[in-house]
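Biologist: I am new to this chain and would like a close look at one part of it. Please start with disulfides, then place that part within the rest of the fold. What does the disulfide count come to?

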Amino acid sequence: MGMKQALKSLDAFPRAEEHLLQKTQSGAFVSVVGLLIMATLFLHELRYYLSSYTVHQQMSVDLKRGETLPIHINVTFPALPCDVLSVDAIDMSGKHEVDLDTNIWKLRLNGQGHIIGTEYLSDLVEKEHSQKHDDGKEHHQENHLHGAFDLAAEELIKKVKKALDDGEGCRVYGVLDVQRVAGNFHISVHGLNIFVAQMIFEGSKNVNVSHIIHDLSFGPKYPGIHNPLDGTERILHDTSGTFKYYIKVVPTEYRYLSKKVLPTNQFSVTEYYSPMKEYDRSWPAVYFLYDLSPITVTIKEERRKFLHFITRLCAVLGGTFALTGMLDRWMFRFVEALTKPNARIVLR
């Protein structure tokens, strides 16, 4: 008996006799509200526990060799028709990489931004340059002088001028596969014969390269990735110039809970805008100049520990239970004070 009494004295949850318990409507209301709150918090904590989270685990030297770098682009030019736009990609050796596995499309847009036509862009990419753009000017002048005002050129000039008057724009999207070396790609009117471009725009200052970058990425997307150029808008009014985006590409490996590894890339970017001058001989363009970091970042998914879940659950449910108990006592005293104004409220 002594041992049993000693154990009973350690009971932290003594039970009162049934006839000493008093049940009230206010207590029932608080109990129901408390149960709903605890059920909601339990489901929230359970979902939080089951969801994975990412950890930047390590950095290492990038050992990839001989692979290509996929560049996903989706850019709208609201003030330039599709017929004048071209895409060019050059690596640091000066070699054009666009002749590889390139899939680029362009969508004709009306003044309201609605699609009115589509075209495959395989022949839109400028493939005739074998030197830099400044050397290419003389190449255009020597080889295309005799055809600048032929019938095809006149038809193109009329078509583009009508599109400009109608407020047509163009969306360029697709994938460029380039070598994993520093380089750049740009979207511009450089694919036009220089005389045709002069006839259409009457000077480089009238080429409006306003653009909206819907998506620019260097590989597949993983959970939580942020591409800093997505949603970028650069709209020009009564002026023109060249935009240059300097991009630092960081090779990344994303490791899922299933042990699947997703190779991709993150990037950071800085921006520079150069307005056109009155006697500037270059033509406006949008350049994306990229370089690769020698460091690979590994991001790993992990599951939260079960003991962490139990700890949070006890804290949330215990706190809610204690709070509803306090609320029940306060409501009981308040109701008792209203119904028995002369009664003495004893603090329990």
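Modeller: A disulfide here is a pair of cysteine sulfur atoms within 2.5 Å. By this rule the count comes to 1 disulfide. Keep in mind that this is a predicted model.

The bond joins Cys82 to Cys170, with an S to S distance of 2.1 Å. Its two ends come from distant parts of the chain, 88 residues apart. Cys82 sits in the loop between E2 and strand E3 (86–91). Cys170 belongs to strand E6, residues 169–179. What is the handedness of this disulfide? The torsion about the S-S bond is about 100°, so the disulfide is right-handed. Cys82 is buried, and Cys170 is buried as well. Cys314 offers a contrast: at 54% relative accessibility it counts as exposed, because exposed means over 50%.

Now step back to the whole chain. It has 6 helices and 13 strands. Of its 348 residues, 36% count as buried. The accessible surface comes to about 21,500 Å². Carbon and sulfur atoms hold 58% of that surface. The link from Cys82 to Cys170 spans distant parts of the chain, and contacts across long separations are plentiful elsewhere too. Take the contacts with a separation of 6 or more: residues 24 or more positions apart account for 81% of them.

Strand E2 comes just before the loop that holds Cys82, so follow E2 and E6 outward. Another loop, between strand E1 (53–61) and strand E2 (68–77), holds Leu63. Asp62 is in that loop between E1 and E2 too. Arg180 lies in the loop between E6 and strand E7 (183–188). The side chains of Arg180 and Asp62 meet in a salt bridge, at 3.3 Å from N to O. This pair therefore ties together parts that are 118 residues apart in sequence. Are these two partners buried or exposed? Both Arg180 and Asp62 are buried. Side chains of opposite charge can pair when their charged atoms come close.

Leu63 differs in its setting: it is exposed, with a relative accessible area of 70%. Together with Met59, Val61 and Ile295, Leu63 makes a nonpolar surface patch of about 450 Å².

E2 also matters for the count inside the fold. The largest nonpolar core has 44 residues. Leu216, Ile247 and Tyr290 have the most contacts inside this core. E2 gives the most to it, with 5 residues. Apart from this core lies another one, of 5 residues, among them Tyr222, Leu262, Val297 and Ile299. In soluble globular proteins, nonpolar side chains tend to be buried together.

What does Ile247 touch, leaving aside neighbours within four places in sequence? Its contacts include Leu216, Phe218, Leu229 and Phe267. Val269, Phe288, Leu289 and Tyr290 are also among them. So are Ser268 and Asp291.

Back to charges. The whole structure holds 10 salt bridges. One of them pairs Lys221 with Asp230, the closest N and O atoms being 3.8 Å apart. Lys221 is partly exposed, with a relative accessible area of 47%. Asp230 is partly exposed too, at 29%. Salt bridges that share partners join Asp215, Lys221 and Asp230 into one network. A further salt bridge links Arg255 with Glu253, with closest N and O atoms 3.2 Å apart. Arg255 is partly exposed, with a relative accessible area of 30%.

Two loop residues close the tour. Asp238 is not a glycine, yet it has a positive phi of about 55°. Its loop runs between strand E9 (232–234) and strand E10 (241–255). At 87% relative accessibility, Asp238 counts as exposed. Lys259 also has a positive phi, about 75°, although it is not a glycine. Lys259 lies in the loop between E10 and strand E11 (261–275). Lys259 is exposed, with a relative accessible area of 67%.

Terms used:
Residues are numbered from 1 along each chain as its sequence is written. This is a predicted model: local features need pLDDT of at least 70, side-chain atom pairs count only at pLDDT 80 or more; totals for chains, interfaces and linings use all residues. Side-chain values use heavy atoms; hydrogens and water are left out. Patches are made of residues with over 30% relative accessible area and no salt bridge: like charges are joined within 9 Å, nonpolar side chains (Val, Leu, Ile, Met, Phe, Trp, Tyr) within 5 Å. Accessible areas come from the Shrake-Rupley method with a 1.4 Å probe; for residues, only the protein chains shown count as cover. A salt bridge is a side-chain nitrogen of Lys or Arg within 4 Å of a carboxyl oxygen of Asp or Glu. Helices (H or I, at least four residues) and strands (E, at least two) are DSSP runs, numbered from the N terminus. Buried means under 20% relative accessible area, exposed over 50%, partly exposed in between (1.4 Å probe, protein chains only). Contact means heavy atoms within 4.5 Å. A nonpolar core is a set of buried Ala, Val, Leu, Ile, Met, Phe, Trp, Tyr and Cys residues joined through side-chain atoms within 4.5 Å.
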